[in-house]
Amino acid sequence: MPETLNLNYYYGNEADQYSFYRIPKILLTDRRYKGVSLEAKVLYGLLLDRMGLSARNGWLDDNGRVFLYFTQEEVMTMLDCGKDKATKLFRELEGIGLVERKKQGQGHPARIYVKNFILEPEPAAPVQTAENQPSRPLDSAAVKTAEKPQSARRKTSGQECGISAPNNTDINKTEKSDTDLSITPPAPSAVSSPAGKRTPRRMGLDEMESYRELILENIDYDILLERNP
């Protein structure tokens with residue numbers, strides 16, 4: 001465990017007078033950089049700092065791209081690691097595309113190009129609607145359920161059935177309408193009472209109406225005779 005150091009506090013803007021290695025925030029927040037180890041991200045910050053120095057010194061290739069030199073020995077010293085670890089970190093940055101190394105040959109150190117860490121925004125996920133949702137095949141149970149009728153179908157007669165069902169006319173008691181009435185109405189028939197006395201039969205409505213019309217006709221006839229003797 002390292003020894004605890006006796007350090008002072010920062011006051012005011014004292015922190016701005018020092019130099020820092022910068023690690024882009026996107027390397028820690030974007031999910032596409034989640035697979036990169038923290039040590040490799042620190043190495044990328046070291047390379048970014050060296051690239052600024054190379055740009056000020058005019059280290060540009062024929063295409064105007066900034067390059068730098070950063071040996072494995074420097075990585076081993078800065079990160080306090082072995083050669084295998086330094087080699088692994090370089091390969092990790094190359095695999096994700098943050099660094100590109102080109103060998104110079106004849107014992108010269110490799111030329112290193114630090115790539116821009118800015119990424120294009122990820123496309124938004126499409127909104128699922130009823131139109132773009134993929135249709136799913138129905139299973140056998142759903143098909144059987146869909147084939148069953150949900151309500152009783154109405155029975156309809158075909159066009160060849162020209163005769164409709166007749167109305168029940170037995171309820172209409174048409175036999176009560178007596179249209180063959182004479183001028184002199186028939187005498188009401190007598191009905192025997194329980195005591196043996198014969199009482200007049202009560203007339204029906206049709207008979208009463210016929211009698212009323214007959215009386216009115218007789219009254220009109222008598223008035224006509226009085227005016228024309």
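## A buried serine, some salt bridges and a helix pair

Let's start with Ser54, which is buried, with a relative accessible area of just 3%. Keep in mind as you look around that this is a predicted model. Ser54 sits in helix H2, the stretch covering residues 38-56. What does Ser54 touch, once you set aside its neighbours within four places in sequence? The contacts are Trp59, Val66, Phe67 and Leu68. Why does Ser54 count as buried? The cut-off for buried is under 20% relative accessible area, and Ser54 has 3%, so the label fits.

### The whole chain

Now zoom out. The protein has 6 helices and 4 strands. Reading from the N terminus, the elements go α-α-α-α-β-β-α-β-β-α. The protein has 229 residues, and 15% of them count as buried; Ser54 is one of the buried ones. The accessible surface adds up to about 20200 Å², and 53% of that belongs to carbon and sulfur atoms. How do contacts spread along the sequence? If you take contacts between residues at least 6 apart in sequence, 50% of them join residues at least 24 apart.

### Charged partners

Side chains of opposite charge can pair when their charged atoms come close. How many salt bridges does the count come to? The answer is 7. Here are some of them, with the N to O distance for each pair:

| Acidic residue | Basic residue | N to O distance |
|---|---|---|
| Glu74 | Arg50 | 3.0 Å |
| Glu92 | Lys88 | 3.9 Å |
| Glu94 | Arg101 | 3.1 Å |

Take Glu74 and Arg50, whose closest N and O atoms are 3.0 Å apart. This pair ties together distant parts of the chain: Glu74 belongs to helix H3 (residues 72-79) and Arg50 to helix H2, 24 residues apart. That is the helix where you met Ser54, too. Glu74 is partly exposed at 26% relative accessibility, and Arg50 is also partly exposed, at 23%.

Glu92 and Lys88 tell another story. Both are in helix H4 (residues 83-96), 4 residues apart, which is about one turn of the helix. Is Glu92 buried or exposed? Glu92 is buried, since its relative accessible area is 18% and the cut-off is under 20%. Its partner Lys88 counts as partly exposed, at 49% relative accessibility. The cut-off for exposed is over 50%, so Lys88, at 49%, stays in the partly exposed group.

The side chains of Glu94 and Arg101 also meet in a salt bridge. Glu94 is partly exposed at 29% relative accessibility, and Arg101 is partly exposed with a relative accessible area of 28%.

### Where H3 meets H4

You've now come across helices H3 and H4, so let's see how they fit together. At what angle do H3 and H4 pack? The angle is about 105°, and their axes are 9 Å apart. Angles from 65 to 115 degrees count as roughly perpendicular, and H3 and H4 are therefore roughly perpendicular to each other.

Which residues make the contact? On the H3 side you'll find Gln72, Val75, Met76 and Leu79, and they meet Lys83, Ala86, Thr87, Leu89 and Phe90 in H4. Sort the residues of this contact by type and you get 6 nonpolar, 2 polar and 1 charged.

Definitions and conventions:
Residues are numbered from 1 along each chain as its sequence is written. This is a predicted model: local features need pLDDT of at least 70, side-chain atom pairs count only at pLDDT 80 or more; totals for chains, interfaces and linings use all residues. Side-chain values use heavy atoms; hydrogens and water are left out. Helices (H or I, at least four residues) and strands (E, at least two) are DSSP runs, numbered from the N terminus. Buried means under 20% relative accessible area, exposed over 50%, partly exposed in between (1.4 Å probe, protein chains only). Contact means heavy atoms within 4.5 Å. A salt bridge is a side-chain nitrogen of Lys or Arg within 4 Å of a carboxyl oxygen of Asp or Glu. Axes are lines fitted to C-alpha atoms, for helices over the stretch in contact, and angles run from 0 to 180 degrees between N-to-C directions. Angles under 35 degrees count as roughly parallel, over 145 as roughly antiparallel, 65 to 115 as roughly perpendicular and the rest as oblique. Ala, Val, Leu, Ile, Met, Phe, Trp, Tyr, Cys and Pro count as nonpolar, Asp, Glu, Lys and Arg as charged, and the others, Gly among them, as polar. Accessible areas come from the Shrake-Rupley method with a 1.4 Å probe; for residues, only the protein chains shown count as cover.
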